[in-house]
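Here are a few exercises to work through with the model open in your viewer. Try each task before reading its solution.

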Amino acid sequence: MNKELYDEAVRSNVLSKALISTLLESMDYSSISFINWTVEVLKVIRTRLERGDKIIDEVSGITYDLNSFHKFVKTNFSSYITSQVFDTPDKAEKVYFSLEKASPDGHAYNMIMTDSSKNKTYKWISSLSERFSLVEMIATGIVYLKDIKTNTYQPFISGNGKYCRYDSENGQIVEL
């Protein structure tokens with residue numbers, strides 16, 4: 001996100017108002033890029049504290065140790081971020097994301113944090129057999145073949161080697 005602020009977290013003994021504000025503002029966004037950047041910066045600070053660095057928060061004036069930093073993260077960030085920063089990977093909380101178009105031309109998508117694993121990613125089109133179904137990825141409109149037995153998806157490719165979308169108005173699978 002911001003290389004200068006990341007570098008500050010890596011090297012400086014004082015966490016500036018700008019860095020603290022940017023970290024706290026990340027809680028207003030649910031985009032994976034903001035969340036990942038926040039987690040990485042907080043992990044860097046945690047690692048520096050573990051090795052014995054003295055780091056001062058310019059906003060609060062606190063000189064962090066591992067316990068006070070943990071309290072700061074737990075108080076100001078989501079449980080997901082806290083678990084990513086302090087828990088071992090196998091104990092870290094899971095979070096789910098959905099895709100959302102980021103540009104009108106459909107060339108870019110944002111991954112947005114959702115509050116449930118029940119968020120639908122695919123829409124059923126039809127069953128081909130007991131084992132296979134055709135589904136449409138909601139965000140992209142691309143048709144996938146779902147293997148019900150293994151719960152895996154692969155793009156439906158036309159005989160011409162092209163991806164396809166589902167035209168629900170005409171009930172047809174159309175090459176892109």
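**Exercise 1. Get your bearings.** Work out how confident the predictor is along the chain, and what the chain is made of.

*Solution.* Start with confidence, since this is a predicted model. The average pLDDT over the chain is 86, and 89% of the residues reach at least 70. Next, go element by element: strand 3 (residues 63-64) has the highest mean pLDDT, 96, while strand 5 (residues 109-114) has the lowest, 69. Now count the secondary structure, which gives five helices and eleven strands. Then check burial: of the 176 residues in the chain, 33% are buried. Finish with the contacts: among those with a separation of 6 or more, 32% join residues 24 or more positions apart.

**Exercise 2. Describe a helix pair.** How do helix 3 and helix 4 run relative to each other, and which residues make the contact?

*Solution.* For a pair of packed helices, the description rests on the angle and the distance between the axes. Here the axes of helix 3 (residues 32-50) and helix 4 (residues 66-76) come within 10 Å of each other and cross at roughly 165°. An angle over 145 degrees counts as roughly antiparallel, so that is how helix 3 and helix 4 run relative to each other. The handedness comes next: helix 3 passes helix 4 in a left-handed crossing. On the helix 3 side, the contact is made by Leu-42, Ile-45, Arg-46, Leu-49 and Glu-50, and helix 4 supplies Leu-66, Phe-69 and Val-73. Sort these residues by type and you get six nonpolar, two charged and no polar ones.

**Exercise 3. Place a lysine.** Find the element that holds Lys-146, decide whether Lys-146 is buried, partly exposed or exposed, and list what it touches.

*Solution.* Lys-146 sits in strand 8 (residues 143-147). Its relative accessibility is 21%, and buried means under 20%, so Lys-146 counts as partly exposed. Leaving out residues up to four places away in sequence, Lys-146 touches Arg-131, Phe-132, Ser-133, Val-135, Asn-151, Thr-152 and Tyr-153. For a distance check, take Tyr-122: it is 24 residues from Lys-146 in sequence, with 9.8 Å between the C-alpha atoms.

**Exercise 4. Follow one of those contacts.** Where is Asn-151, and what is its phi?

*Solution.* Asn-151 lies in the loop between strand 8 and strand 9 (152-155). Its phi is near 55°, a positive value in a residue other than glycine. As for exposure, Asn-151 has 49% relative accessibility and therefore counts as partly exposed. That loop residue is also one of the residues touched by Lys-146.

Terms used
Residues are numbered from 1 along each chain as its sequence is written. This is a predicted model: local features need pLDDT of at least 70, side-chain atom pairs count only at pLDDT 80 or more; totals for chains, interfaces and linings use all residues. Side-chain values use heavy atoms; hydrogens and water are left out. Axes are lines fitted to C-alpha atoms, for helices over the stretch in contact, and angles run from 0 to 180 degrees between N-to-C directions. Helices (H or I, at least four residues) and strands (E, at least two) are DSSP runs, numbered from the N terminus. Angles under 35 degrees count as roughly parallel, over 145 as roughly antiparallel, 65 to 115 as roughly perpendicular and the rest as oblique. A crossing is left-handed if the near helix is turned anticlockwise from the far one by less than a right angle, and right-handed if clockwise. Contact means heavy atoms within 4.5 Å. Ala, Val, Leu, Ile, Met, Phe, Trp, Tyr, Cys and Pro count as nonpolar, Asp, Glu, Lys and Arg as charged, and the others, Gly among them, as polar. Buried means under 20% relative accessible area, exposed over 50%, partly exposed in between (1.4 Å probe, protein chains only). pLDDT is the predictor's confidence in each residue, from 0 to 100.
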